[in-house]
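Okay everyone, thanks for coming. Today I'd like to walk you through one structure, starting from a small detail and then zooming out.

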Amino acid sequence: MNYQSLCQQFPIVPILQGIPQAIANLSGSPDHPQITGTVRLYQTKNGVIVYADIRNLPDTETLCQKKIFGFHIHSGTACTGDEMDPFSAAMSHDNPDNCLHPYHAGDLPPLFGNHGIAVSVFLTDRFSVSEVIGKTIIIHDAPDDFTTQPSGNSGTKIACGIIRRNTRMCC
Ligand SMILES: [Cu+2]
Ligand SMILES: [Zn+2]
């Protein structure tokens with residue numbers, strides 16, 4: 001690898017050592033109260049780096065069925081709901097451009113469970129940090145099939161957090 005191509009790599013380490021413009025602290029539903037997690041959003045000129053670190057997710061011992069969790073930004077602005085859907089106020093996938101799933105602005109790569117831990121870092125230019133402040137991040141208990149309308153058949157909402165502008169000088 002020559003010097004020029006090194007320079008053209010995405011500066012992921014300095015970005016993650018910097019200050020996220022927004023943070024969502026996620027909590028589990030009444031059926032999954034142990035889930036906690038943080039999703040950090042970093043605005044770059046090429047899009048938003050999303051850094052998710054989630055703990056205490058449901059796990060399985062079954063071989064060939066490691067857990068995969070649908071992961072989206074939803075357009076609702078609260079993590080409240082009812083017995084049927086504990087996060088119904090989060091509404092559906094953020095979709096300001098009226099696209100089909102999985103082309104919603106809020107459609108994100110699913111999270112892979114690792115004995116209850118999921119860590120994911122990726123780039124998306126479907127929204128800016130400013131456009132998603134106040135909206136919600138949802139984790140579902142099933143994989144997103146990236147086909148079924150309107151939401152990829154990703155099952156129950158098991159964790160939710162509101163995206164808030166980060167006013168601190170850290171974290
Ligand atoms: Cu969702
Ligand atoms: Zn979607």
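So, find Phe71 for me: across from Phe71 sits Ile139, which belongs to β8. One thing to say right away is that this is a predicted model.

Now, the strands around that pair. β5 and β8, the latter covering residues 136–140, run antiparallel and are joined by four bridges. If strands are new to you, here's the background: strands in a sheet pair through backbone hydrogen bonds, and that pairing can be parallel or antiparallel.

Stay on β5 for a moment. Which residues point one way from β5, and which the other way? Phe71 and Ile73 go one way, while His72 and His74 go the other. That back-and-forth is what you'd expect, because side chains in a regular strand alternate between the two faces of the sheet. And are these four buried or exposed? They are all buried, the two histidines included.

Let's zoom out to the sheet. It's an open sheet of seven strands, and the order goes β5-β8-β9-β1-β2-β3-β7, with antiparallel pairing. The edge strands are β5, residues 71–74, and β7, residues 118–124, each of which pairs on one side only. On average, neighbouring strands of this sheet are turned by 20° against each other, if you ignore direction.

Next stop is the loop just before β8. Gly134 lies in the loop that links α3, residues 129–132, to β8. Is Gly134 buried or exposed? Well, in between: Gly134 is partly exposed, because it has 14 other C-beta atoms within 10 Å, and being buried would take 20 or more. What does Gly134 touch, leaving aside neighbours within four places in sequence? Its contacts are Thr77, Ile162 and Ile163. Take Thr77: it is 57 residues from Gly134 in sequence, yet their C-alpha atoms are 5.6 Å apart in space.

Contacts across the sequence show up in the whole chain, too. Looking at contacts with a separation of 6 or more, 62% are between residues 24 or more positions apart.

Finally, the big picture. The protein chain has three helices and nine strands, and from the N terminus the elements go α-α-β-β-β-β-β-β-β-α-β-β. Its radius of gyration is 16 Å, close to the 16 Å the globule rule gives for 171 residues, so the chain is as compact as a globular protein of that length. Along its principal axes, the C-alpha trace spans about 55 × 40 × 35 Å. And of those 171 residues, 36% count as buried.

Technical notes. Residues are numbered from 1 along each chain as its sequence is written. Chains are lettered from A and ligands numbered from 1 in the order in which they are written. This is a predicted model: local features need pLDDT of at least 70, side-chain atom pairs count only at pLDDT 80 or more; totals for chains, interfaces and linings use all residues. The radius of gyration is taken over C-alpha atoms; the globule rule is 2.2 Å times the number of residues to the power 0.38. A residue is buried if 20 or more other C-beta atoms lie within 10 Å of its own, exposed if 12 or fewer, and partly exposed in between; C-beta atoms are placed from the backbone. Two residues are in contact if their C-beta atoms, placed from the backbone, lie within 7 Å. Two strands pair if DSSP finds at least two bridges between them. Axes are lines fitted to C-alpha atoms, for helices over the stretch in contact, and angles run from 0 to 180 degrees between N-to-C directions.
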